[in-house]
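Grab a coffee and work through these exercises with the model open beside you. Try each task before you read its solution.

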Amino acid sequence: MYENSFPTRRYKHTRNFISRFISNEDRILDLGVENPFSNILKKDGFTVFNSGETDLDLHPEIVRDFEVDVVTALEILEHLVSPLPVLQNLPGKKLIATVPLRLWFSPAYRNLNDQRDCHYHEFEDWQFDWLLEKSGWKIIAREKWKAPTRTLGIRPILREFTDRYYAVYAERG
């Protein structure tokens, strides 16, 4: 993957955001299966556990089984029908989450060949903030970024000017 590819740019934004709030001593629960970004964190010296294949909509309590300092929910909460129970059950006192923002010019992402690869939610920032607050998290920092593409068309042009990703660092007492 070359340095300017879309996932590499997104990972760089996410890694820079994370590095502002946690250190290598923090143990991380990364929600979902092992993925390229959890491997980046491991390579950077973090201790990372993944919640695995368990359907978090049906078994949100599974996350309580982990003793960690930080939870990362990176590009996963939008796939859940109801992220509230998972957020309420999270261990640790720190949460770093990223979600795709709703784009007015594009429908929610849906992969017709993989039911698990569909976005049930694409949030507006205020909706995601409200969800976190309702689940007991206090937002400390926020950041947004764009996801430009190198293709032609109206939507790619709009992506040059419209924030697509929303990152939040939150804590609970």
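**Exercise 1. Find out which side chain of opposite charge is nearest to R172, and how far away that side chain is.**

Step 1: place the residue. R172 sits in the segment after β6 (163–171); helices (H or I, at least four residues) and strands (E, at least two) are DSSP runs, numbered from the N terminus.

Step 2: check the burial. R172 is buried, where buried means under 20% relative accessible area, exposed over 50%, and partly exposed in between (1.4 Å probe, protein chains only).

Step 3: look for a partner. The nearest side chain of opposite charge is E171, 11 Å away, and R172 has no salt bridge. For charges, Lys and Arg count as positive and Asp and Glu as negative, while His and the chain ends are not counted. A salt bridge needs a side-chain nitrogen of Lys or Arg within 4 Å of a carboxyl oxygen of Asp or Glu.

Step 4: list the surroundings. Setting aside neighbours within four places in sequence, R172 is in contact (heavy atoms within 4.5 Å) with residues including L87, L90, K93 and W137.

A word on the ground rules: this is a predicted model, so local features need pLDDT of at least 70 and side-chain atom pairs count only at pLDDT 80 or more, while totals for chains, interfaces and linings use all residues. Residues are numbered from 1 along each chain as its sequence is written, and side-chain values use heavy atoms, with hydrogens and water left out.

**Exercise 2. Follow L87 into the largest nonpolar core and say which elements supply at least two residues of this core.**

Step 1: start from the contacts. Not counting residues up to four places away in sequence, L87 touches L77, L95, L131, L132, S135, W137 and R172.

Step 2: move to the core. A nonpolar core is a set of buried Ala, Val, Leu, Ile, Met, Phe, Trp, Tyr and Cys residues joined through side-chain atoms within 4.5 Å. The largest one has 26 residues, and L87 is among those with the most contacts inside it, as are L31, L77, L90, L95, F128 and L132.

Step 3: name the elements. β3 (70–74), α3 (83–89), β4 (94–100), α4 (125–134) and β6 each supply at least two residues.

Step 4: don't miss the other one. A second, separate core of 19 residues includes F17, V70, W145 and Y165.

**Exercise 3. Which parts of the chain does the salt bridge between R20 and E143 tie together?**

Step 1: get the count. The whole structure holds seven salt bridges.

Step 2: take this pair. R20 and E143 meet at 2.8 Å, N to O. The pair ties together parts 123 residues apart in sequence, because R20 lies in the loop between α1 and β1 (27–30) and E143 in strand β5 (residues 138–146).

Step 3: check exposure. R20 is partly exposed at 47% relative accessible area, and E143 is partly exposed too, at 23%.

Step 4: try another pair. K94 bridges to D26, with the closest N and O atoms 3.9 Å apart. K94 is in strand β4 and D26 in the loop between α1 and β1, 68 residues apart. K94 is partly exposed at 23%, whereas D26 is buried at 12%.

Step 5: finish with R142 and D129, whose closest N and O atoms are 3.2 Å apart. R142 lies in strand β5 and D129 in helix α4, so this pair ties together parts 13 residues apart in sequence.
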